[in-house]
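Student: I've got this one open on my screen and I'd like to talk it through. Can you walk me around it?

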Amino acid sequence: MSLRGIVVRSHGPGEQLKAEEIELVAETGETLVEMRLAAVTQQDRSVLAGKQPSTPFTPGSEGAGVVVSSGVFEAGTAVVVRGDGVGVTRPGLWGRYAVVPDAAVHRLPSGLEPTAAVALLTPVLTAHTAVRRVAEVAERETVVVTGITSLLGRLCAAVARSAGAAKVIGLAWTGESVESAAGLVDQIVRVDSLGQVGRELSWCDAAIDTVGGPVTSGVLGHISPGGRVAVLGYHAGEFATIDLHQLIGRDLRVLPVNLQRTNLEPGAVAQALADVATAQWRPEFELLPADRVGEVLDPQAGRVLLDLTALS
């Protein structure tokens, strides 16, 4: 199927982005999507800083829309688009329509708003990788999540629950509100200003550590034999003391979560979104008309979503 549509294209590093009408043709193995939203990600900013594969080039690596034609999805299906080189090695999503590989199209779970899905996509994939792929959380396990009041911590708790964890324990700093974690955890354990973990923390099968530092050391002391800690953050400190006798004697594993060296498995995006679809999320983001994307390409800009319906 083919049609003409407006896209935002870059004509080289430092060049102004321009809205242009082009012909889009969907071949076998490709899906034509009417785009509604797209994120401005760090990957997009990197591509536009001079790493784009060719010019002119349509950026945009994450977004949401509705299927127009596809060999996989019915027309009208609400979807999220990410992966398979979209916006990196092949044209991206910043346009009213996009032609993308079938493998980059993922059904939007019912109950999850498109804006929330796109705004959460990067952190939820981090949580999915940490919980399901690295820590391999299984049914009936007890899981502790550090930094539970952060967005990433709450997403990890939701994914752990979806993976079948029997009990999820959240670690929070002394004095901070834990209202945002309500319904996601079974217990809150406090961590003091020095990073010392409360003694009421029970034995756990796995830990998802988003904070690092002395908290990592404290959590290791509560992991059951054969258990593991997936480490994906260190804002509480880059260094942790590890008791080697404890590590060896209880056969514990300390596992890094490195997304740059982890390839997402087929179905990971859909699974990750489904894992968090039942909770109420209010991610912070700025929504801008697509023709104002040039204002938010600075690497220090926050999470920005583009309204692609504004293109005409």
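Tutor: Sure, we'll go through a sheet, an arginine, some salt bridges and a few loop residues.

Tutor: One thing up front: this is a predicted model.

Student: OK, start with the sheet of 6 strands. What's the strand order?

Tutor: The order is β10-β9-β8-β11-β12-β13, in an open sheet with parallel pairing.

Student: Which strands stand at the edges?

Tutor: Those are β10 (187–191) and β13. Each has a single partner strand, so one side of each is left without a neighbour in the sheet.

Student: And how much are neighbouring strands turned against each other?

Tutor: On average by 20 degrees, ignoring direction.

Student: Which helix packs on the sheet?

Tutor: That's α3, residues 151–162. Helix α3 touches β8 (142–146), β9 (167–173) and β11 (204–209), and its direction makes about 170 degrees with that of β8.

Student: Back to the β13 edge. How many bridges are there between β12 and β13?

Tutor: There are 4 bridges, in the parallel sense, with β12 covering residues 223–231. As an example to click on, Ala 230 has Leu 255 in β13 as its bridge partner.

Student: New topic, Arg 250. Where does it sit?

Tutor: Arg 250 is in the loop between α5 (244–249) and β13 (253–256).

Student: Is Arg 250 buried or exposed?

Tutor: Arg 250 is buried, yet has no salt bridge. Asp 243 has the nearest side chain of opposite charge, and that is 7.3 Å away.

Student: Huh. Which backbone oxygen lies 2.7 Å from a polar atom of the Arg 250 side chain?

Tutor: The backbone oxygen of Leu 220.

Student: And what else is Arg 250 in contact with?

Tutor: Leaving out neighbours within four places in sequence, the contacts include Trp 203, His 222, Pro 225 and His 245, besides Leu 220 itself.

Student: So which residues do meet in salt bridges? And how many salt bridges does the structure hold?

Tutor: The structure holds 14. Take Arg 4 and Glu 23, whose side chains meet at 3.3 Å, N to O. Arg 4 is in strand β1 (residues 2–9) and Glu 23 in strand β2 (residues 18–25), so the pair ties together parts 19 residues apart in sequence.

Student: How accessible are Arg 4 and Glu 23?

Tutor: Arg 4 has a relative accessible area of 46%, so it counts as partly exposed. Glu 23, at 41%, is partly exposed as well.

Student: Which residues are linked with Arg 4 in a network of salt bridges?

Tutor: Glu 21 and Glu 23 are linked with Arg 4 in that network.

Student: What about Arg 96 and Glu 34, buried or exposed?

Tutor: Both are buried. Their side chains meet in a salt bridge of 3.1 Å, N to O. The pair links distant parts of the chain: Arg 96 is in the loop between β5 and β6, Glu 34 is in strand β3 (residues 30–40), and they are 62 residues apart.

Student: Which residue forms a salt bridge with Arg 303?

Tutor: Glu 62 does, with the closest N and O atoms 3.1 Å apart. Glu 62 lies in strand β4 (residues 62–69), while Arg 303 is in the loop between β14 and β15 (304–307), 241 residues apart. Glu 62 has a relative accessible area of 4%, so it is buried.

Student: While we're at β4, how does it run relative to β5?

Tutor: Antiparallel, with 5 bridges joining β4 to β5. One to look at is Val 66, whose bridge partner in β5 is Ala 78. Strand β5 is also joined to β7 (residues 105–107) by 3 bridges, again antiparallel, and there Val 79 has Arg 107 in β7 as its bridge partner.

Student: Last bit, the loops. What's the phi of Asp 84?

Tutor: Near 60 degrees, which is a positive value in a residue other than glycine. Asp 84 sits in the loop between β5 (78–82) and β6 (97–101). Glu 136 has a positive phi too, about 50 degrees, and is not a glycine either. Glu 136 is in the loop between α2 (114–134) and β8.

Student: And Thr 278, buried or exposed?

Tutor: Thr 278 is at 76% relative accessibility, so it counts as exposed. Look for Thr 278 in the loop between α6 (268–276) and β14 (286–289). Its C-alpha atom is separated by 13 Å from that of Ala 163, a residue 115 residues apart along the chain.

Technical notes: Residues are numbered from 1 along each chain as its sequence is written. This is a predicted model: local features need pLDDT of at least 70, side-chain atom pairs count only at pLDDT 80 or more; totals for chains, interfaces and linings use all residues. Side-chain values use heavy atoms; hydrogens and water are left out. Helices (H or I, at least four residues) and strands (E, at least two) are DSSP runs, numbered from the N terminus. Buried means under 20% relative accessible area, exposed over 50%, partly exposed in between (1.4 Å probe, protein chains only). Lys and Arg count as positive and Asp and Glu as negative; His and the chain ends are not counted. A salt bridge is a side-chain nitrogen of Lys or Arg within 4 Å of a carboxyl oxygen of Asp or Glu. A polar contact is a pair of N or O atoms within 3.5 Å; within protein, one must be able to donate a hydrogen and the other to accept it, and residues adjacent in sequence count only if both atoms are side-chain atoms. Contact means heavy atoms within 4.5 Å. Two strands pair if DSSP finds at least two bridges between them. Axes are lines fitted to C-alpha atoms, for helices over the stretch in contact, and angles run from 0 to 180 degrees between N-to-C directions.
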